[in-house]
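Visitor: Could you walk me through this structure, one feature at a time? I would like to learn how to read what I see.

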Amino acid sequence: MPRWASASSRDRARRVEFCRTWFTALYGPTAPLVIVSYLRLLTSSPFRFRESLVNNLLPRAEKYAAEPPSETKRAEQDREETTREAAVNYDHLLADLHRLIELADAVQDDVKLESLVRDLTGHDERCVVFTHYSGNLPYLAARLEGEGISTVPFHGGMDLAEKDAAVESFRRGDARVLLSTDAGSEGRNLQFCRRVVNYDLPWNPMRIEQRIGRVHRLGQTRDVIVTSYALKDTIEDHLLDRKLDLFKLVVGEVELILGKLRVEQEIARMFLASRHEADFRRRFEQFGAELAALKTDYQDRQRANADALAAVAKPS
């Protein structure tokens, strides 16, 4: 059950263009990983995105503007990058960054969070809400608690006793919502609950499978309801597109289809290589077609295996 929320396409496009233009200058070979993090944060929470710009990106840009990396150091790291980075104007970078922060300051409402509040107030069942960032947990909790929705956090920074206590509180009903990072998608049995919310949609379908697997497992007697949120015209929106359709697979099939394909890294590579939004859309559509072909091939092999087994089992 996808949920779409709207945001200013102009503001979002400006932020995305900033990522494409400047991150390689600031982070060099590690830029793809940093871009993945920032793009996911942008669609997760505009306020957390702004916080990271001010606390992490701005100090780094100011440092580079005051003392650009030396030619010697750049040459040692990557000679190919040296030629490209030598033309970087860090004053322009700072100006772009300040304009980006101004855009973030202008955001008044978190449309995704308000959608979550509306959905949770529409029923009284327990629910596991997954977010990629532990920093989102207190942010989400404050808003939900303000609506009278009791919550309990679950994340990788908790020790075993704290995790056990959180799950038990959720099991007893003391907390109606378990706010969890992906640490909660591994090794926990939550089949007493049937609702899962992907507040942040992972770019790798295998992580979706792991999340759903916490409630969709042996002992579950009810239909499982999965809600995924995505801002329109973002990477997450593309991932929910019916043409990709990987999120509708039976639990256990995703890894067999994708194998060792690293979806997040492939998306970051496409983003960096794209000249503009239309180019990225074209590349993503092609990527989706390739994944769909993998899915079709897998299903054909499954049918062939089933037919072969049926022929062997058929009485002579």
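Guide: Gladly! Let us start with a term: two strands pair if DSSP finds at least two bridges between them. Please keep in mind that this is a predicted model.

Visitor: Which residue in β4 is the bridge partner of valine 152?

Guide: Leucine 178 is the bridge partner of valine 152. The strands concerned are β3, residues 151-154, and β4, residues 177-180, and they pair over four bridges in the parallel sense.

Visitor: What kind of unit do β3, helix α9 and β4 make?

Guide: Together with α9, which spans residues 160-172, the two strands form a β-α-β unit that is right-handed.

Visitor: Let us move on to charged side chains. How many salt bridges does a search of the whole structure find?

Guide: The search finds 16. The idea to hold on to is that a side-chain nitrogen of Lys or Arg must be within 4 Å of a carboxyl oxygen of Asp or Glu. Arginine 99 and aspartate 96 are one such pair, with their closest N and O atoms 2.4 Å apart.

Visitor: Why are arginine 99 and aspartate 96 separated by about one helical turn?

Guide: Because they are three residues apart in helix α6, which covers residues 90-105. As for its surroundings, arginine 99 is partly exposed, at a relative accessible area of 38%.

Visitor: Where else could I look for a pair like that?

Guide: Try helix α14, residues 277-313, where arginine 282 and aspartate 279 are also three residues apart, about one helical turn. Their side chains meet in a salt bridge at 2.8 Å, N to O.

Visitor: Is arginine 282 buried, exposed or partly exposed, and what about aspartate 279?

Guide: Arginine 282 has a relative accessible area of 45%, so it is partly exposed. Aspartate 279 has a relative accessibility of 2% and therefore counts as buried. Salt bridges can also share partners, and here they join Glu168, Arg171, Arg172 and Asp174 into one network.

Visitor: Which aspartate forms a salt bridge with arginine 211?

Guide: That is aspartate 182, and the closest N and O atoms are 2.7 Å apart. This pair links distant parts of the chain: arginine 211 sits in helix α10 (residues 205-212), while aspartate 182 is in the loop between β4 and β5, 29 residues apart. Both residues are buried.

Visitor: Now the cysteines. How many disulfides does a search of the whole structure find?

Guide: It finds zero disulfides. Cysteine 127, for instance, is in none, and its nearest cysteine sulfur belongs to cysteine 193.

Visitor: Why is there no bond between cysteine 193 and cysteine 127?

Guide: Their sulfurs are 6.0 Å apart, which is too far for a bond. A disulfide needs the two sulfur atoms within 2.5 Å. Cysteine 127 is buried, with a relative accessible area of 1%, and cysteine 193 also counts as buried, at 1% relative accessibility.

Visitor: And how should I read aromatic rings?

Guide: A pair of aromatic rings is described by how far apart the centres are and by the angle of the planes. This structure holds four aromatic pairs. A ring can have a charge over it too: lysine 112 lies over the face of tyrosine 199, 5.0 Å from the ring centre.

Visitor: One last stop, please. Where is glycine 213 found?

Guide: Look in the loop between α10 and β6. Glycine 213 counts as buried, at 10% relative accessibility. Its C-alpha atom is separated by 8.9 Å from that of glutamine 191, 22 residues apart along the chain.

Terms used:
Residues are numbered from 1 along each chain as its sequence is written. This is a predicted model: local features need pLDDT of at least 70, side-chain atom pairs count only at pLDDT 80 or more; totals for chains, interfaces and linings use all residues. Side-chain values use heavy atoms; hydrogens and water are left out. A crossover is right-handed if, with the strands pointing away from the viewer, the path from the first strand over the helix to the second runs clockwise. Buried means under 20% relative accessible area, exposed over 50%, partly exposed in between (1.4 Å probe, protein chains only). Rings of Phe, Tyr and Trp (its six-membered ring) pair if their centres lie within 6.5 Å; planes under 30 degrees apart count as stacked, over 60 as edge-to-face and the rest as tilted. A charge sits over a ring if NZ of Lys or CZ of Arg is within 6 Å of the ring centre and within 35 degrees of the ring normal.
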